[in-house]
Amino acid sequence: MQNWFNLFPKNISLSIYVWVISSLLPFYFIFRSNTLSEILLGVLLIVIFFVAYRLSFLSIGGLLYICVSIMMLISVGMSLFYGYVYFSLFIAFFIGNVQQKSGFISLYVVHLVLTVVASASSYFTQQELFLSQWPFLILTILGVVLLPINTYNRRKRQKLEAQLSDAKDKISQLLVFEERQRIARDLHDTLGQKLSLIGLKSDLAGRLIDKDPDTAKVEIQNINQTARTALKEVRDMLSGMRITKFSEEIKHVKQLLEAATIQNDIQGDKELKHAPSLVENVISMCLKEAVNNVVKHSHATHCNITTTESAHETVLTIEDNGVGIDTKGSSAYGHGMNGMLDRLEFVNGKLEIISDENGTKLTVTIPNVMKQEG
């Protein structure tokens, strides 16, 4: 069962000195015998017992039960012929290490019955010894009753603690992986929008640099400011301190739509009053990703954004008149859209997409966590 086990078990509840005394004590009972043959037989039984005891910890299946049977027979023999009943404590400890429930119960019951019968029978075969050590016989029987259960439960607890430790390690690894995925999504959402805006403004500045240098200069300054903003957002995101405000994101997406020459109509609540910070952050990132997709993929000329907030939920709708998306195709959800779905799942939100050749309507619904009044 356990390759590391030696004659004196490790991490046991009983002192090592108790086991040493228990190992030497049978020789005292043997040498009280009158004949050499009885002494030699007793020594042989002791050797066989400890060999079987050792092998029982290294065995599985049928060999294990053979070893335990040998130990039980020797224990009964030592009780009847030499008045030594304390081998039963060794067996009791071993039985507690049998983690298979059916095997544990079977060995426990058989051993307990044999120990009680052998102890009672020793009154007739070794009456003088029985009377002189009857308090210890009672303690031995109590040990046979309690020691296997205690050992069994302790082994089971150690096994569960090991499994718990492994589970904690796996959870830590999964948390690291999830954090990397979160950073990847946030980088995509944060940098994707800003880089799109920089690209659009760069194209515009390139077209205006000869026709209208002053306007081109303003656009270049905007590019510089956008790049600085993107750098700040990345730093804040990586430090784990940034919560995207919905009111700020509304301004950013409006600026992005205007830079892409997409007419826009933004209606509804621009300040979220009921939504907790986590919900506000998620819906802001969804708005950013949705508008980014409108600018990059829809070829739309008009985009409507509507926000409706109540005490129970926040609803965000983004509707464009672009070419639409194939919601049934494999490319319907790219990296950014999958990131949106992951965030919404985390806050029990839902995403609904209606798309045809006349455009796409995306609706994000997130329940608000009700704050208890103090």
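1. Let's start with K254, which is partly exposed because its relative accessibility is 35%. In this predicted model, K254 pairs with E258 in a salt bridge whose closest N and O atoms are 3.5 Å apart. E258 is partly exposed too, with a relative accessible area of 46%. Both residues belong to helix α9 and sit four residues apart, so about one helical turn separates them.

2. A similar pairing turns up in helix α7, which spans residues 134-211. There E161 forms a salt bridge with R157, and the closest N and O atoms are 3.8 Å apart. These two residues are also four places from each other, or about one turn of the helix. E161 has 45% relative accessibility and therefore counts as partly exposed. R157, at 44%, is likewise partly exposed.

3. Your eye may next go to K245 and E280, whose side chains meet in a salt bridge at 3.6 Å, N to O. K245 is in the loop between α8 (213-238) and α9, whereas E280 is in helix α10, so this pair ties together parts that are 35 residues apart in sequence. Is E280 buried or exposed? E280 counts as buried, because its relative accessibility is 6% and the cut-off for buried is under 20%. Its partner K245 is partly exposed, at 35% relative accessibility. As general background, side chains of opposite charge can pair when their charged atoms come close. The count of salt bridges comes to four, and the pairs described so far are among them.

4. E280 also has a part in how two helices pack. Helix α9 (residues 246-259) and helix α10 (residues 277-298) have axes 9 Å apart and meet at an angle of about 5 degrees. The two are therefore roughly parallel to each other, since angles under 35 degrees count that way. From α9, the contact uses F246, E249, I250, V253, L256 and L257. From α10, the contributors are E280, I283, S284, L287, K288, V291, N292 and V295. Sorted by class, this contact has nine nonpolar, two polar and three charged residues.

5. Helix α4 (residues 87-96) is worth a look as well. How many of its 10 residues are buried? Nine of them are, so the helix is largely enclosed by the rest of the structure. The buried residues are F87, S88, F90, I91, A92, F93, F94, I95 and G96.

6. For a strand residue, try V364 in β5, which covers residues 359-367. V364 is buried, because its relative accessible area is 0%. Which residues does V364 touch, once neighbours within four places in sequence are set aside? They are C286, T314, V315, L316, L344, K350 and L351. V364 can also be placed relative to T307: the two are 57 residues apart in sequence, and their C-alpha atoms are 9.6 Å apart.

7. Finally, here is the chain as a whole. Its secondary structure comes to 11 helices and five strands. Of the 374 residues, 41% are buried. Among contacts with a separation of 6 or more, 71% come from residues 24 or more positions apart. The chain exposes about 21200 Å², and carbon and sulfur atoms supply 60% of that area.

Technical notes. Residues numbered from 1 in each chain as written. Predicted model: local features only at pLDDT ≥ 70, side-chain atom pairs only at ≥ 80, totals over all residues. Heavy atoms only, no water. Axes fitted to C-alpha atoms, helices over the stretch in contact; angles between N-to-C directions. Parallel < 35°, antiparallel > 145°, perpendicular 65-115°, else oblique. Contact = heavy atoms within 4.5 Å. Nonpolar A, V, L, I, M, F, W, Y, C, P; charged D, E, K, R; others polar. Buried < 20%, exposed > 50% of the residue type's maximum accessible area, 1.4 Å probe, protein only. Areas by Shrake-Rupley, 256 points an atom, 1.4 Å probe, with all protein chains shown as cover.
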